[in-house]
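Dear colleague,

I am passing on the structure below, together with an account of what the analysis turned up. Please read the two side by side.

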Amino acid sequence: RATCMASSGMHAGREVALTIGRQTSTLSGAFSYDRLTLALLSSANSPADARFGEVNLTGANFGTVDLSPLVLLAGAEQLTHWTSDTAISVQLLDGVMGGLPIAVRYTPTETYPTKLSFSFDVPLVYDLSSTNYAAEGSAMLTLQAENFGTSDMSNRVKIGQTACQGQDQWTSDTAMVCRVAAGLGQGLGLAVVMKGQGGDE
């Protein structure tokens with residue numbers, strides 16, 4: 001029988017080797033370090049134009065040395081900085097959508113999913129170039145807003161239950177243009193739908 005004190009480390013299925021003199025005996029996959037756990041985010045949401053805002057992740061078993069972890073939001077790599085065995089910080093890239101699952105990857109074959117998620121803020125429309133058009137439609141409507149995204153995400157505009165005509169034109173994170181469809185009614189709601197998110201006025 002031999003007893004030893006394990007050094008710090010990570011990962012599962014580690015090989016154990018016992019050397020006596022010139023002889024070595026190995027046992028594959030016999031030892032595992034505790035699994036990484038992620039317990040808390042300093043913030044669970046951000047504007048679509050994140051501008052490299054920082055989010056701190058708190059948990060356990062991130063490693064006692066920097067093993068170059070990568071935080072993934074729905075599989076997309078973020079700028080990740082290891083701080084300690086219990087903390088990682090992330091500089092967010094711009095994005096859209098809500099409920100993005102968070103995972104931490106250490107190697108191409110070793111990724112740790114977590115129960116936490118992150119959301120980018122939904123579009124928020126605060127001004128329209130006009131609030132009244134002729135029933136036959138076809139006029140161009142400009143929307144001023146927040147969180148349309150920093151690139152064209154194929155946003156769709158709906159007035160009431162009717163989508164604008166053709167392909168809506170994304171201009172920037174704060175503006176887009178659509179061609180109003182023919183319709184009737186007063187006090188109709190307006191919604192911007194972007195990959196499962198919606199913003200209403």
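In this predicted model, four strands make up an open sheet, running in the order β3-β5-β9-β8 with antiparallel pairing. The edges are taken by β3 (37-41) and β8 (79-84), each of which has a single partner strand, so one side of each is left without a neighbour in the sheet. From one strand to the next, the twist averages 30°. Within the sheet, strand β5 (residues 54-60) pairs with strand β9 (residues 87-91) in the antiparallel sense over five bridges, and Leu 57 is found opposite Ile 88 in β9.

Leu 57 and Ile 88 also appear in the largest nonpolar core, which has 18 residues, and they are among those with the most contacts inside it, a group that further includes Val 71, Leu 73, Ile 102, Tyr 106 and Phe 118. The elements that contribute two or more residues to this core are β3, β5, β6, β9, β10 (100-107) and β11 (110-120), and the largest share, four residues, comes from β10. As a general background to this, nonpolar side chains in soluble globular proteins tend to be buried together.

You may ask how many cavities of 30 Å³ or more there are. The count comes to one, and the largest cavity has a volume of about 60 Å³. Its lining is formed by Leu 41, Val 55, Leu 57, Val 71, Leu 73, Val 90, Leu 92, Ile 102 and Phe 118; by class, these divide into nine nonpolar, no polar and no charged residues. Both β5 and β6 (70-73) supply at least two residues each to the lining of this cavity. Leu 57, Val 71, Leu 73, Ile 102 and Phe 118, which line the cavity, are also among the residues with the most contacts inside the largest nonpolar core.

The remaining item is the largest pocket, whose volume is about 570 Å³. Of the 24 residues that line the largest pocket, Thr 131, Tyr 133, Ile 159, Gly 185 and Leu 188 are the closest to its centre. The lining of the largest pocket has 14 nonpolar, nine polar and one charged residues, whereas the lining of the largest cavity has no polar and no charged residues.

With best regards

Technical notes
Residues are numbered from 1 along each chain as its sequence is written. This is a predicted model: local features need pLDDT of at least 70, side-chain atom pairs count only at pLDDT 80 or more; totals for chains, interfaces and linings use all residues. Side-chain values use heavy atoms; hydrogens and water are left out. On a 1 Å grid over the protein atoms alone, a cavity is a set of points where a 1.4 Å probe fits but cannot get out, and a pocket is an open set with protein on both sides within 12 Å along at least five of seven lines; lining residues have an atom within 4 Å of a point. Grid points are joined across faces, edges and corners, and a volume is the space filled by probe spheres set on the points. Ala, Val, Leu, Ile, Met, Phe, Trp, Tyr, Cys and Pro count as nonpolar, Asp, Glu, Lys and Arg as charged, and the others, Gly among them, as polar. Two strands pair if DSSP finds at least two bridges between them. Axes are lines fitted to C-alpha atoms, for helices over the stretch in contact, and angles run from 0 to 180 degrees between N-to-C directions. A nonpolar core is a set of buried Ala, Val, Leu, Ile, Met, Phe, Trp, Tyr and Cys residues joined through side-chain atoms within 4.5 Å. Buried means under 20% relative accessible area, exposed over 50%, partly exposed in between (1.4 Å probe, protein chains only).
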